[in-house]
Amino acid sequence: MRIVIAEDAVLLREGLATLLRTAGHDVVASVGDGEELLDAVRRHNPDLSIVDVRMPPTHTDEGIQAAQTLRRENPDTRLLVLSQIVSGRAAADLLASGNGGIGYLLKDRIGNVEDFLHSLETIAAGGEVIDPQVVRKLLRHRSRIDELTTRETEVLALMAEGKSNAAIAEELVVSDAAVAKHINRIFAKLGLGTDDTRHKRVQAVLAYLQR
């Protein structure tokens, strides 16, 4: 993949670039602020951009703002946003900002290299990846989630992480058919119908994050 990195911490930025190049990816630009990110993506049209939430000059939400600008310009832009804090609203806003191909992970996830690289592949292919800690925080604050059973909640949480039916089945040690039944029940309870399409998976995750 051709990748742009936007991260103001030089050591992390260079570390990410080294990791990605070692994995066979092409880092076409490595920048330190939101404006440079916009310029780099417009110039290189990468397969994926990795964006820090907080960048100069105020170190608040420049990365999120730049990411949202890129998605407005092209809803198919693939983005992985990295953060040191858990923000369900930022994750939900990004999921709603285009046609898939979005991720929101905490920075400590980079340490699990295999999972991190898999997340990049999922996002580049048009999937969505949400950090498990974001999912757990939302579980504690969304009362309507009580409409789902414990198992349905577990399945939806794993869907929010971008996992396929087969991966969910493996993690929960159940059959693929059982996962499909749980997903159909989730869709029904959220008023989305019962056909397991990618569009409905995104809608289900959005409903989950925004309640």
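These legends accompany several close-up views of a predicted model.

**Figure 1. The whole chain, as a starting point.** Before zooming in, it helps to have the overall picture. The protein has 211 residues, of which 50% count as buried. Its secondary structure comes to ten helices and six strands. Take the contacts between residues at least 6 apart in sequence: 63% of them join residues at least 24 apart.

**Figure 2. The largest nonpolar core and a second one.** The largest nonpolar core holds 36 residues. Which of them touch the most other members? They are Leu-37, Val-155, Leu-156, Met-159 and Ile-168. Helix 7, residues 150–160, provides the largest share of this core, with five residues. Another core, of 18 residues, lies apart from it; Ile-3, Ala-17, Leu-80 and Leu-117 are among its members. As general background, nonpolar side chains in soluble globular proteins tend to be buried together.

**Figure 3. Helix 7, a mostly covered helix.** Eight of the eleven residues of helix 7 are buried. If you would like to find them in the view, look for Glu-152, Thr-153, Val-155, Leu-156, Ala-157, Leu-158, Met-159 and Ala-160. Val-155 makes contact with Ile-168, Leu-172, His-182, Ile-183 and Ile-186, leaving aside its neighbours within four places in sequence. After the helix comes Gly-162, with a positive phi near 90°.

**Figure 4. Glu-152, a buried glutamate.** Glu-152 is a residue of helix 7. Is Glu-152 buried or exposed? Its relative accessibility is 3%, so Glu-152 counts as buried, the cut-off being under 20%. Not counting residues up to four places away in sequence, Glu-152 touches His-182, Arg-185, Ile-186 and Lys-189. His-182 and Ile-186 are also among the contacts of Val-155, so keep both in sight when moving between this view and the previous one.

**Figure 5. Thr-149, in the loop before helix 7.** Thr-149 sits in the loop between helix 6 (132–141) and helix 7. With a relative accessible area of 38%, Thr-149 is partly exposed. How far apart are Thr-149 and His-182 in sequence and in space? They are separated by 33 residues in sequence, and their C-alpha atoms are 9.4 Å apart.

**Figure 6. Helix 7 crossing helix 8.** The axes of helix 7 and helix 8 (residues 165–172) come within 10 Å and cross at roughly 130°. That angle is neither over 145 degrees nor within 65 to 115, and the two helices are therefore oblique to each other. The crossing is right-handed. On the helix 7 side, Arg-151, Glu-154, Val-155, Leu-158 and Met-159 make the contact; on the helix 8 side, Ile-168, Glu-171 and Leu-172 do. Sorted by class, this contact has five nonpolar, no polar and three charged residues. For anyone tracing the spacing along a helix, an α-helix has 3.6 residues a turn, so residues three or four places apart point the same way.

**Figure 7. Helix 2 beside helix 3.** Here helix 2 (residues 34–44) packs against helix 3 (residues 62–73) at an angle of about 30°, with the axes 9 Å apart. Why do helix 2 and helix 3 count as roughly parallel to each other? They do so because their angle of about 30° is under 35 degrees. Helix 2 passes helix 3 in a right-handed crossing. Gly-34, Leu-37, Leu-38, Val-41 and Arg-42 of helix 2 meet Ala-66, Thr-69, Leu-70 and Glu-73 of helix 3. By class, the contact has five nonpolar, two polar and two charged residues. Leu-37 may look familiar: this residue is one of those touching the most other members of the largest nonpolar core.

**Figure 8. Backbone details worth a second look.** Most residues other than glycine have a negative phi, and most peptide bonds are trans. Asn-45 has a positive phi, near 45°. Asn-45 is found in the loop between helix 2 and strand 3 and, at 55% relative accessibility, counts as exposed. Val-173 likewise has a positive phi, near 55°. Val-173 lies in the loop between helix 8 and helix 9 (176–189) and is exposed, with a relative accessible area of 70%. Finally, where is the cis peptide bond? This bond joins Pro-56 and Pro-57, with omega about 10°. Pro-57 belongs to the loop between strand 3 (48–52) and helix 3.

Key
Residues are numbered from 1 along each chain as its sequence is written. This is a predicted model: local features need pLDDT of at least 70, side-chain atom pairs count only at pLDDT 80 or more; totals for chains, interfaces and linings use all residues. Side-chain values use heavy atoms; hydrogens and water are left out. A nonpolar core is a set of buried Ala, Val, Leu, Ile, Met, Phe, Trp, Tyr and Cys residues joined through side-chain atoms within 4.5 Å. Buried means under 20% relative accessible area, exposed over 50%, partly exposed in between (1.4 Å probe, protein chains only). Helices (H or I, at least four residues) and strands (E, at least two) are DSSP runs, numbered from the N terminus. Contact means heavy atoms within 4.5 Å. Axes are lines fitted to C-alpha atoms, for helices over the stretch in contact, and angles run from 0 to 180 degrees between N-to-C directions. A crossing is left-handed if the near helix is turned anticlockwise from the far one by less than a right angle, and right-handed if clockwise. Ala, Val, Leu, Ile, Met, Phe, Trp, Tyr, Cys and Pro count as nonpolar, Asp, Glu, Lys and Arg as charged, and the others, Gly among them, as polar.
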